[in-house]
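Open the structure in your viewer and keep the selection tool ready. This tour goes stop by stop, telling you what to pick and what to look for.

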Amino acid sequence: MLPILAHAKRNLLAASARIVPAAASLHAELLQVKCSEDAATGFDLSKLDKYRWSPCYEKFRVEEQPDGTVLRCSDAVPLLNFDLQGMPAEELVAGGSAEVTITATQTARVNGVLLWFRLDMDGKGLVVGSEPCASGDSSTAKSGNVGGRTWSQAIQWLVPPVDV
C-alpha cells in the first residue's frame, strides 16, 4: 500500500488532496494461547501445544477463542504509526527499523504476539480497525472504533515460546 500511495502523491495527486485513511497504526500484545479441551472433544492435549504452533502469522480473533485458552500478558503497544496525509512520498517508502519493548504484565509462557491495525479515516478521530474487544465486551464499537468485527487480528507465533 505504501509504494502505491507514494506513487500517487508524486504523480497523480494535488498537494492539497485528502488521503483516506489519513493515518494508520499497527499494535501488538503478548499472548499465551493454550489448546482448548473443547476443540479436542474433552481430551487434554496441552502437552502437544509445542507442536501446534506454526512459524508463520495467521488470522486470529481473541474474542472467538474458548474461555480460558487465551491469556493476555501485556498491555497493547504501538509498533508503527504512519501519518499518511502528512508524510512526503519519499518517507512512505524509505524503510527502516526500530526496536520496540513490550513489557509483560504477568508471569506466563508467551507463545504468540497479537497484531492489529487502526485506521484514522479523517484525521479527526473516525477510527476503524481490527483491535480485539475488551475482556467480556462483545460490542461492535470500542474506543471510537466503528465498523464492528469485520476484520480479524493476526497472531505471530513464537517458536519456541518465551517464559516471562
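Helices (H or I, at least four residues) and strands (E, at least two) are DSSP runs, numbered from the N terminus. Colour by these runs: the chain has three helices and seven strands. Along the sequence they follow the pattern α-β-α-β-β-β-α-β-β-β.

This is a predicted model, with residues numbered from 1 along each chain as its sequence is written. Local features need pLDDT of at least 70, side-chain atom pairs count only at pLDDT 80 or more, totals for chains, interfaces and linings use all residues, and side-chain values use heavy atoms, with hydrogens and water left out.

**Confidence**

Now colour by pLDDT, the predictor's confidence in each residue, from 0 to 100. The chain averages 84, and 80% of the residues score at least 70. Select residues 136–147. Here pLDDT stays under 50. The model has 18 contacts beyond four places in sequence for this stretch, a contact being heavy atoms within 4.5 Å. Where pLDDT is low, the predicted coordinates should not be read in detail.

**Strand β5 and its partners**

Select β5, residues 109–120. Which strands pair with β5? Two strands pair if DSSP finds at least two bridges between them.

- Add β1, residues 23–33: nine bridges join β1 to β5, and the two run antiparallel. Look for E29 opposite L114.
- Add β7, residues 153–163: six bridges join β7 to β5, again antiparallel. V113 has Q156 as its bridge partner.
- Add β6, residues 127–129: three bridges link β6 to β5 in the antiparallel sense. L119 stands opposite V128.

Follow the chain from β5 to β6. The two form a hairpin with six residues between them. In the turn, G123 has a positive phi of about 75°.

**Salt bridges**

Next, show the charged side chains. A salt bridge is a side-chain nitrogen of Lys or Arg within 4 Å of a carboxyl oxygen of Asp or Glu. The whole structure has four. Visit three of them here, with burial in mind: buried means under 20% relative accessible area, exposed over 50%, partly exposed in between (1.4 Å probe, protein chains only).

Select R72 and E29. Their side chains meet at 2.6 Å, N to O. R72 is in β3 (residues 70–72) and E29 in β1, 43 residues apart. Buried or exposed, what is E29? E29 is buried, at 4%, while R72 is partly exposed, at 25%.

Move to R109 and D163, which meet at 3.1 Å, N to O. R109 lies in β5 and D163 in β7, so the pair ties together parts 54 residues apart in sequence. R109 is partly exposed at 43%; D163 is exposed at 55%.

Then pick R118 and E131. Their closest N and O atoms are 2.8 Å apart. R118 lies in β5 and E131 in the loop between β6 and β7. R118 is partly exposed at 22%, and E131 is buried at 7%.

**Last stop: D120**

Select D120, in β5. D120 is buried yet has no salt bridge. The nearest side chain of opposite charge (Lys and Arg count as positive and Asp and Glu as negative; His and the chain ends are not counted) is R118, 8.5 Å away. What does the side chain of D120 reach? One target is the backbone nitrogen of D122, at 3.4 Å. Another is the backbone nitrogen of G125, at 3.5 Å. Leaving aside neighbours within four places in sequence, D120 is in contact with P21, A22, A23, G125, L126 and V127.

Technical notes: Polar contact = N/O pair within 3.5 Å; in protein donor to acceptor, adjacent residues only side chain to side chain.
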